[in-house]
Amino acid sequence: MRAIWRVFLKEVRENLRDRRTLISALIFGPLFGPLLVASALSLSFRSAGVQSERPLYLTVSHSERAPDLLAYLRQYNVRIKAVEEDEAAARREVAAHRGEEVLLVPADFGSRLQAGQPSPLLLFADESETRSAASVERLAAIINQYGATIARLRLIARGLDPLLTVPIVLHPIDISTPAARSALVLGALSYLVLLTMLMGGMYLAIDATAGERERGSLEPLLTLPVRREYLIYGKILAACAYMTLSLVLTVTAFAVVLRFVGLERFGMSADFGPRVAAGIVLACLPLVPLGAALMTLVAAFTRSYREAQTYVGLVLLIPTLPLVFAAVLGLQPRASLMAVPSLGQHFIMLSLIRMQPLPAGYVALSVCSTLALGALLVFAAGRLYRRERLLG
Amino acid sequence: MIEAEGLSKRFGAVAAVSGVSLRALDGRITGLLGPNGAGKSTTLRILYTVLPPDCGDARIDGISVVGEPLGARRRMGVLPHGAGLYPNLTARENVLYFGALHGLARAERRVRAAELIKQLDMDEFADRPARGFSQGQRIKTALARALIHRPRNILLDEPTNGLDVMAVRTLRGLLQRLREEGHCILFSSHVMQEIAALCDEVVVIAHGRVAAQGTPAELRGRAGTESLEEAFVRLVGAAGGALESEGPEGRPEGAPGG
C-alpha cells in the first residue's frame with residue numbers, strides 16, 4: 001500500500017515540472033471559465049443597461065411641420081438633425097447608411113392632427129441592423145406615448161374619462177428572486193467548473209499511462225516488486241490531486257471575478273461568497289475520482305500519447321453531456337436524475353447559487369452513486385493494468 | 001541463480017518461445033546469444049515476470065516467477081530493452097524512485113544511489129533532468145536504477161545497444177565486478193564479440209528454442225571450429241534454417257522484442 005503513496009508522490013512531483021500539465025491545470029482552466037462568464041455578463045449589461053441612456057440620433061425631414069412632437073422627442077434624449085428632403089431622398093439616405101433613421105413628417109400632418117384624424121409619420125430604417133432595430137423600437141415607444149397623451153387630452157376636452165379607453169390592465173408579477181435570476185445567467189458556471197476540473201487531471205492521466213508506455217518506462221516499472229494495480233491507483237490518485245487543485249482554483253477565481261463584475265447591477269444578488277464557493281467545491285469532489293479513473297482508463301487503453309489525447313479529449317465531453325441535456329430540456333431535480341453523475345453535481349451547484357436547498361436525500365443519492373461508479377472505474381483500471389497486453 | 005524449464009509463449013499464431021530451458025549460475029556471466037527475432041527478449045521478459053509463460057516455469061533463487069512473481073522480482077535487477085526514464089526527473093531521482101518502490105528506507109536509498117552514481121561515473125549528469133540524456137547516460141541511469149536494491153540476479157536485455165566504446169568498457173568493468181561479488185548475471189546480445197569477451201557461459205537461442213548451452217570453449221568444440229562466430233553460425237543453422245531471420249524484418253508479427 002505504501003507503493004501507492006510513492007507512485008502518487010512521484011507523479012505529482014514530476015508533473016509539477018511539466019509545463020503542459022501546469023498550464024492546463026493551474027492557469028488555463030481557472031482563468032478561462034471566470035473570464036468567459038465575466039465578459040458575457042458585462043456585455044449583456046452594456047447592451048441592455050446602457051442602450052436606453054444613450055442619446056439617439058434622428059434625422060427629421062420637415063421638422064417645422066411638427067414642432068410639439070420634436071420638443072417631446074428632445075425630452076427623451078433624441079438628438080434631432082433637421083433636413084428638408086422627400087421620400088425618395090430619405091430612402092436613399094438610409095440605404096447608403098448616411099443616416100441611421102430618417103423620420104419624414106408629411107405636409108398634411110398638422111392639419112389632420114387638428115381635424116382629429118390619424119396622422120401618419122414615416123420612419124425609414126434598416127431593421128436588419130440590430131442597433132437600428134433597437135432605435136426604432138425606442139422611437140416607436142416615445143411616439144406612441146406622445147400619441148396616447150394627445151388621445152387623453154382629446155377625451156378630456158369632450159368631457160369623457162380617459163380611463164374608458166383602458167378596459168384591462170395586465171400586471172405581470174415576476175416572483176423570481178434576485179438570486180434565481182442570476183442563476184439563469186450563471187447557468188454556464190457549473191458546466192465550466194466541471195470541465196476545468198476534468199482538464200486539470202487530463203495531461204497527468206495521459207502522461208502516466210500512454211506517455212509512460214511510449215517512453216519505455218512502463219516495462220522497468222513492472223519489474224518492481226509492486227502489485228500492478230497499486231501503480232495505477234497511485235497514478236489515479238495523482239490525477240485526483242491535480243483535479244482538486246484545479247477545482248479549488250477555478251471556484252476561487254469565479255468568486256473573485258463575480259465580486260468584481262458586481263451582480264447587483266443586474267438586479268441580481270447572487271451571494272457567491274466563501275460559503276457558496278466552499279459548497280460548490282464540496283459538491284464537485286465526489287466526481288473527482290470518477291473523472292480521474294475514467295480518463296486514466298481511456299488513456300491506458302490507447303497505444304500512443306497522441307491517440308490518448310484524442311480519446312481523452314472526447315471523454316471530457318461525456319460528463320458535460322447531461323448538463324447540456326438538462327439545459328435544453330429544462331430538467332428539474334428528480335431522484336432518478338440526481339443519481340446521474342455530473343447532472344447531480346450540476347443540480348447541487350445550482351441549488352447553492354439559488355439558495356434553494358435540495359432535499360438531503362437527493363444530495364446523498366448523488367454523492368453515493370457518483371462515488372460508487374468512481375470506485376467501479378478505479379477497480380476496472382486496476383484490472384486493466386494486470387492484463388499482459390498492457391505493454392502493447 | 002536463474003533456472004528456466006520448458007518456457008513457451010505464443011503471440012497469436014506465432015510461437016515466440018517454445019520449450020526454453022536454461023540455467024544461469026551465481027558468480028558467472030551468462031550470455032543469451034541469438035539472431036534478431038530468436039526469442040531472447042521474450043525469454044527475458046518471462047524471466048523478469050512482465051510476461052507470464054503459456055507453460056513452463058522459471059525459478060529465481062528457487063522462487064517461482066509464475067507462483068510468486070513479487071518475491072522473484074525482489075531478487076532481480078532488470079535493465080529492459082530501451083530503458084525509458086522519466087524525463088522530468090533527474091538521474092538521481094529516477095534511481096531513488098525505484099529504490100522507494102523496492103521498499104528501501106529513505107536514508108538507505110540515498111546512500112545506495114550516491115554509491116552507484118560514483119561507481120557508474122555518473123556525477124557529471126546525476127542531478128540534471130533526464131530529458132536530453134545521451135544513450136550512454138540513459139543506460140547508466142537505467143542500470144543504476146536496476147541495481148539500487150542490491151539484487152542477487154541481474155538481467156540485461158541488449159545492454160550495449162547504442163553505446164560508444166568507452167561506455168561499453170565501463171559496463172563490462174561493472175559486470176565483471178558484479179560477477180566477482182558473486183552475482184548471477186544474464187544478458188542478451190546478438191553481438192558475438194561482446195559474448196566472447198564477457199561470458200563464462202553461453203546459451204544460443206534460435207527460432208524460439210535453445211540450440212546449445214555451454215562455455216565458449218565447449219561450444220567451439222561441439223561445432224568443431226576455432227572461432228565462436230563460426231560455431232554460432234553452425235549451431236543456429238543446425239537448429240533449423242539458416243540466419244534468414246536476421247534483421248528487424250525477421251521479427252515475428254506481434255512478438256514484442258527479439
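## A lysine over a ring

Let's start at a spot where the two chains meet a ring: K10(A) sits over the face of Y86(B), 3.4 Å from the ring centre. Keep in mind that this is a predicted model. Chain B has a similar arrangement to look at, this time with an arginine: the charged end of R145(B) lies over the ring of F98(B), at 4.5 Å from its centre.

## Where the chains touch

Y86(B) turns up again once you look at the interface. Chain A and chain B bury about 2600 Å² between them, and 58% of that is on carbon and sulfur atoms. Y86(B), together with N88(B) and L101(B), supplies 25% of the area that chain B buries against chain A, more than any other three residues. In terms of contacts, 29 residues of chain B meet 24 residues of chain A.

There's a polar side to this interface too. Three salt bridges cross between chain B and chain A. Try E219(A) and R45(B) in the viewer: their side chains meet in a salt bridge, with 2.6 Å from N to O. On top of that, twelve residue pairs are in polar contact across the interface, counting pairs with both residues at pLDDT 80 or more. As for secondary structure, α2 (69-74) and α3 (91-101) of chain B are the elements that give two or more residues to the side of chain B that touches chain A. The largest share of that side comes from α3(B), with five residues.

## Aromatic pairs

Now for ring against ring. A pair of aromatic rings is described by the distance of the centres and the angle of the planes. Over all chains, the count comes to seven aromatic pairs. In one of them, Y72(A) and Y146(A), the ring centres are 5.1 Å apart and the planes are at 50°, so the pair is tilted. Y72(A) lies in helix α3 (residues 67-75) of chain A and Y146(A) in helix α6 (residues 130-157) of chain A, so this pair ties together parts that are 74 residues apart in sequence.

Are these two tyrosines buried or exposed? Y72(A) has a relative accessible area of 14%, which makes this residue buried, and Y146(A) is buried as well, with 14%. For an edge-to-face pair, go to chain B: Y97(B) and F98(B) are 6.1 Å apart centre to centre, with 70° between the planes. Both Y97(B) and F98(B) are buried, and F98(B) is the ring that R145(B) sits over. Back in chain A, Y72(A) and Y146(A) join Y76(A) in one aromatic cluster.

Methods. Residues numbered from 1 in each chain as written. Chains lettered and ligands numbered in written order. Heavy atoms only, no water. Phe/Tyr/Trp six-rings, centres within 6.5 Å; stacked < 30°, edge-to-face > 60°. Helix = DSSP H or I, 4+ residues; strand = E, 2+ residues; numbered from the N terminus. Buried < 20%, exposed > 50% of the residue type's maximum accessible area, 1.4 Å probe, protein only. Lys NZ or Arg CZ within 6 Å of the ring centre and 35° of its normal. Contact = heavy atoms within 4.5 Å. Buried area = accessible area lost by both parts, 1.4 Å probe. Salt bridge = Lys/Arg side-chain N within 4 Å of Asp/Glu carboxyl O. Polar contact = N/O pair within 3.5 Å; in protein donor to acceptor, adjacent residues only side chain to side chain.
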